[in-house]
Amino acid sequence: MNSAATPSACRWCGIPARDHFQQWKPPVGWHKYALPTTEQIKARMRERRRARSPKPPAHAS
Ligand SMILES: [Zn+2]
């Protein structure tokens with residue numbers, strides 16, 4: 001699983017619309033690009049931000 005998916009990528013498989021065409025992905029099977037839900041976009045943006053930013057020091061004074 002690619003956790004750093006493009007926020008607006010397909011809601012089923014995470015592939016961006018321009019690369020999508022038709023994809024097979026369980027449990028939906030063959031499908032076309034579908035716009036992700038607002039919650040999915042937000043979650044992906046949070047995930048990307050967290051993946052990019054370094055961990056804060058545990059015991060900063
Ligand atoms: Zn898809």
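In the predicted model, Gln22 of strand S1 has Lys32 as its bridge partner in strand S2. This pair belongs to an antiparallel arrangement in which S1 and S2 are joined by 4 bridges. The two strands, S1 covering residues 22-25 and S2 covering residues 29-32, form a hairpin with 3 residues between them. Pro27 is located in the loop of this hairpin, between S1 and S2. The peptide bond that links Pro26 to Pro27 is cis, with omega at about 0 degrees.

A further backbone feature occurs on the other side of S1. Phe21 lies in the loop that connects helix H1 (17-20) to S1. Although Phe21 is not a glycine, its phi is positive, at about 50 degrees. Phe21 is classed as exposed because its C-beta neighbours inside 10 Å number 9, whereas the cut-off for exposure is 12 or fewer.

At the level of secondary structure, the chain contains 2 helices and 2 strands. Their order along the sequence gives the pattern α-β-β-α. Helix H1 comprises residues 17-20, and helix H2 comprises residues 38-52. The geometry of H2 was examined through its end-to-end distance. With 15 residues and 1.5 Å a residue, H2 should span 21 Å; the C-alpha atoms at its ends are 21 Å apart, so the expected and computed values agree. H2 is also hardly covered, as the number of buried residues among its 15 residues is 0. Burial in this sense requires 20 or more other C-beta atoms within 10 Å.

The overall dimensions of the chain were considered next. The radius of gyration of the chain is 15 Å, while a compact globule of 61 residues would have a value near 10 Å. Along the principal axes, the C-alpha trace spans about 55 × 20 × 20 Å. Of the 61 residues in the chain, 7% count as buried.

The contact pattern was assessed for residues separated along the sequence. Among contacts between residues at least 6 apart in sequence, 44% join residues that are at least 24 apart.

Taken by region, the model thus presents the following picture. The hairpin of S1 and S2 carries the cis bond between Pro26 and Pro27, and Phe21, with its positive phi, is placed in the loop that leads from H1 to S1. Helix H2 has a span in agreement with expectation and a buried-residue count of 0.

How values were computed. Residues are numbered from 1 along each chain as its sequence is written. This is a predicted model: local features need pLDDT of at least 70, side-chain atom pairs count only at pLDDT 80 or more; totals for chains, interfaces and linings use all residues. The expected span of a helix is 1.5 Å times one less than its number of residues. The radius of gyration is taken over C-alpha atoms; the globule rule is 2.2 Å times the number of residues to the power 0.38. Two residues are in contact if their C-beta atoms, placed from the backbone, lie within 7 Å. Two strands pair if DSSP finds at least two bridges between them.
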